[in-house]
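User: I would like to learn how to read the packing features of a helical model. Could you take me through them one at a time, with the general idea before the particular case?

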Amino acid sequence: MAPLRVFLVVLFGILVMFQTFSLPGQFAHMAKESPDLAYLRWPMTAVSVFWVLCVQVVIVSTWKLLTLVKKDRIFSEAAMSWVNAIVWAIVAAWVVLLGVFLYFGFKASDPGLPLLLFLMLIGVAVLGLLMVVMRALLRQATTLRTDMEAVI
């Protein structure tokens with residue numbers, strides 16, 4: 001678990017740098033280079049920063065779940081709240097992605113971007129549904145463990 005925690009910390013730190021420096025700077029540069037698209041600077045910055053925030057919620061929730069595993073408390077209601085946080089972060093990211101897909105999908109003159117966004121929509125939906133299944137499995141395992149403890 002220690003290597004996973006190291007990578008989670010590194011990933012979180014990189015994402016903070018993206019949120020504060022890279023993404024705003026990239027969209028400012030884009031606005032200067034393509035003045036006709038400058039109106040997208042702030043919406044694209046906000047959406048990108050929001051997506052990074054969703055990933056950060058998943059990282060923090062994963063960290064908390066790892067802590068519960070280490071304390072042998074993974075089969076508890078506390079774990080369910082962190083899994084729910086992951087599911088809702090994925091749902092929120094997917095809803096915003098759907099909005100981006102609808103906005104750019106109808107404006108695109110080339111099919112490449114809408115197809116890429118559609119692929120991303122499907123990928124995030126699959127990830128979200130997988131987490132729903134994992135949540136159901138955790139709920140069943142928690143119930144079984146509680147029942148077993150009641151018997152013993």
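Analyst: Let us start with a pair of helices, keeping in mind that this is a predicted model. H3 passes H4 in a left-handed crossing, and the contact of H3 with H4 is made by residues that divide into 24 nonpolar, three polar and three charged.

User: How should the geometry of such a pair be read, and at what angle do the axes of H3 and H4 cross?

Analyst: Two packed helices are described by the angle between their axes together with the distance between those axes. Here the axes of H3 and H4 come within 9 Å and cross at roughly 165 degrees. Angles over 145 degrees count as roughly antiparallel, and H3 and H4 are therefore roughly antiparallel to each other.

User: Where does glycine 128 lie, and is it buried or exposed?

Analyst: Glycine 128 lies in helix H4. Buried means under 20% relative accessible area, and glycine 128, with a relative accessible area of 14%, is therefore buried. Sequence separation and spatial separation can also be set side by side: glycine 128 and valine 91 are 37 residues apart in sequence, while their C-alpha atoms are 6.7 Å apart in space.

User: Which residues make up the largest nonpolar core, and which element gives the most to it?

Analyst: A core is read first by its members and then by the elements that supply them. The largest nonpolar core has 11 residues in all, among them Leu65, Ile74, Val83, Ile90, Met131 and Leu138. Helix H2 (41-70), helix H3 (77-107) and helix H4 (112-151) each give two or more residues to this core, and H3 gives the most, with six residues. A second, separate core of nine residues includes Phe27, Met30, Leu40 and Leu66.

User: With which residues is isoleucine 74, a member of the largest core, in contact, leaving aside its neighbours within four places in sequence?

Analyst: With those neighbours left aside, isoleucine 74 is in contact with Leu65, Leu68, Val69, Ala79 and Leu138.

User: And how should a polar side chain such as serine 48 be read: is it buried or exposed?

Analyst: Serine 48, whose place is in helix H2, is buried, with a relative accessible area of 12%. Leaving aside neighbours within four places in sequence, serine 48 is in contact with Leu23 and Phe27.

User: What is notable about the phi of aspartate 72?

Analyst: Aspartate 72 has a positive phi of about 55 degrees although it is not a glycine. This residue lies in the loop between H2 and H3, and at 49% relative accessibility aspartate 72 counts as partly exposed.

Notes
Residues numbered from 1 in each chain as written. Predicted model: local features only at pLDDT ≥ 70, side-chain atom pairs only at ≥ 80, totals over all residues. Heavy atoms only, no water. Core = buried A, V, L, I, M, F, W, Y, C linked by side-chain atoms within 4.5 Å. Buried < 20%, exposed > 50% of the residue type's maximum accessible area, 1.4 Å probe, protein only. Helix = DSSP H or I, 4+ residues; strand = E, 2+ residues; numbered from the N terminus. Contact = heavy atoms within 4.5 Å. Axes fitted to C-alpha atoms, helices over the stretch in contact; angles between N-to-C directions. Parallel < 35°, antiparallel > 145°, perpendicular 65-115°, else oblique. Left-handed = near helix turned anticlockwise from the far one by under 90°. Nonpolar A, V, L, I, M, F, W, Y, C, P; charged D, E, K, R; others polar.
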